[in-house]
Amino acid sequence: MNIKSLLLGSAAALAVVSGAQAADAIVAAEPEPVEYVRVCDAYGTGYFYIPGTETCLKINGYIRFQVNVGEDVGGDSDWDAVTRGQVQFTAKSDTEYGPLTGVIVMQFNADNASSQNSKLDSAYLDVAGFRAGLFYSWWDDGLSGETDDIGSVVTLHNSIRYQYETSDFYAGISVDELEDGVFKVGEAPNNVGVAVGLGGKAGIFSYQITAGYDVDNEDGAVRAMGTVDIGPGTLGLAGVYSSGPNSYYSQAEWAVAAEYAIKATDKLKITPAVQYYGNYYGTPTKVGVADDFDGLGDAWKVGLTVDYQIVDNFYAKASVQYFDPDNGDDSTTGYFRLQRSF
């Protein structure tokens, strides 16, 4: 009887404990669904949807290593190595006015471990042909080689622009804040300018015309460029005229440039080029420039640039330039560059 009572008591105790454990059992939560990144092909390659939105984002950039060569280019040295990293974020979404675009470009430069800088290289919004923010003007464009010197000293401005464009043509007008330009005696960096640009392509021919008027300096400049495919390469020609030193063009009263970009192989491009300056001023200081180009000598430059694509998105570039002004010493400069884009 004692053994039977003991067994019954043990069974009852186990039942009580099991019931208590069942009451306190922890039920695992159902895993929340994961929203995977979706490819957005509405605006070209590289875009993806920001999770939870209908906004498409693209991230791209490059890493560059470059060695510059020239007299005192590195202070007391005739060579200097520099490294750059740049990243661009482009966001796009559809609206009733067309795609709404926002762009942010950050650039990081290092001359060495202790001499570095970072800057906002561009930041702007764009919709229905209107663009506002910090971006490069049409005067930043040039021929494909490294010899031509037909752009502004500073081409990055806070601007408002409207541009009409199709696949083969564009035309636009911009109002630019020219605080980093050049200023004649008595003028201060509170300047404004108006620029216009148009260009396009027709078959093997492409063209661009750019003009700008610097309001405070009361001078302007106009430039024309064109390229055409001839033989194994592309011939490029350009000319620029400035009525006086101003923020759009100040290196000379006029200049002409020519190049021939030879596509030697699928990976190798060789570009010889030449430029001639009439009444060469040079790169002026930002404040206190001359009123005109009178009494200045001429100058000329000749150069060679070689581009080689090592593999996809990785290329090497080498460039050498010889410059000879009438009123100054001649010089030879160049660089070697490795760049990986992504």
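# A walk through the strands

Let's start at tryptophan 300, which sits in strand β18, residues 299–311. Strands here are DSSP runs of E at least two residues long, while helices are runs of H or I with at least four, and both are numbered from the N terminus. How exposed or buried is tryptophan 300? It counts as partly exposed, because its relative accessibility is 34%; buried means under 20% relative accessible area, exposed means over 50%, and partly exposed is in between, using a 1.4 Å probe and protein chains only. Setting aside residues up to four places away in sequence, tryptophan 300 touches Gln275, Tyr276, Tyr277, Tyr322, Phe323 and Asp324, where contact means heavy atoms within 4.5 Å. Between tryptophan 300 and tyrosine 322 there are 8.6 Å in space, C-alpha to C-alpha, and the two are 22 residues apart in sequence.

Before going further, a word on what you're looking at. This is a predicted model, in which local features need pLDDT of at least 70 and side-chain atom pairs count only at pLDDT 80 or more, while totals for chains, interfaces and linings use all residues. Residues are numbered from 1 along each chain as its sequence is written, and side-chain values use heavy atoms, with hydrogens and water left out.

Now for the overall picture. The protein has one helix and 20 strands, and 34% of its 342 residues count as buried. Among contacts with a separation of 6 or more, 48% are between residues 24 or more positions apart.

Next, the aromatic rings. Two of the residues that tryptophan 300 touches, Tyr277 and Phe323, form one aromatic cluster together with Tyr280. Across the whole structure there are 11 aromatic pairs. One of them joins tyrosine 43 and tyrosine 47, which meet edge-to-face at 5.9 Å centre to centre, with 65° between the planes. To pair, rings of Phe, Tyr and Trp (its six-membered ring) need centres within 6.5 Å; planes under 30 degrees apart count as stacked, over 60 as edge-to-face, and the rest as tilted. Tyrosine 47 is buried, at a relative accessible area of 8%. Rings can also have a charge over them: arginine 38 lies over the face of tyrosine 49, 4.3 Å from the ring centre. The test is that NZ of Lys or CZ of Arg is within 6 Å of the ring centre and within 35 degrees of the ring normal.

The same part of the sequence brings us to the disulfide. The structure holds one, joining cysteine 40 to cysteine 56 with 2.1 Å from S to S. This links distant parts of the chain, with cysteine 40 in strand β1 (residues 39–40) and cysteine 56 in strand β3 (residues 56–69), 16 residues apart. A disulfide is a pair of cysteine sulfur atoms within 2.5 Å. The torsion about the S-S bond is about 80°, so this disulfide is right-handed. Both cysteine 40 and cysteine 56 are buried.

On to some strands that sit side by side. Strand β7 (residues 130–136) pairs with strand β8 (residues 156–165) in the antiparallel sense over seven bridges, and β8 pairs with strand β9 (residues 169–177), also antiparallel and over seven bridges. Two strands pair if DSSP finds at least two bridges between them. What joins β8 to β9? A hairpin does, through three residues. Tyrosine 162 in β8 is the bridge partner of phenylalanine 130, and tyrosine 162 also stands opposite isoleucine 173 in β9.

Serine 159 lies in β8 too and is buried, with a relative accessible area of 5%. Its side chain makes a polar contact of 2.8 Å with the side chain of aspartate 176. A polar contact is a pair of N or O atoms within 3.5 Å; within protein, one must be able to donate a hydrogen and the other to accept it, and residues adjacent in sequence count only if both atoms are side-chain atoms. Leaving aside neighbours within four places in sequence, the contacts of serine 159 include Arg131 and Phe135. Arginine 131 lies over the face of phenylalanine 135, at 5.5 Å from the ring centre.

Last come two loop residues. Glutamine 251, in the loop between β14 (233–242) and β15 (252–263), is buried at 4% relative accessible area, and its side chain has a polar contact of 3.4 Å with that of aspartate 149. Valine 185, in the loop between β10 (183–184) and β11 (192–202), is exposed at 67%.
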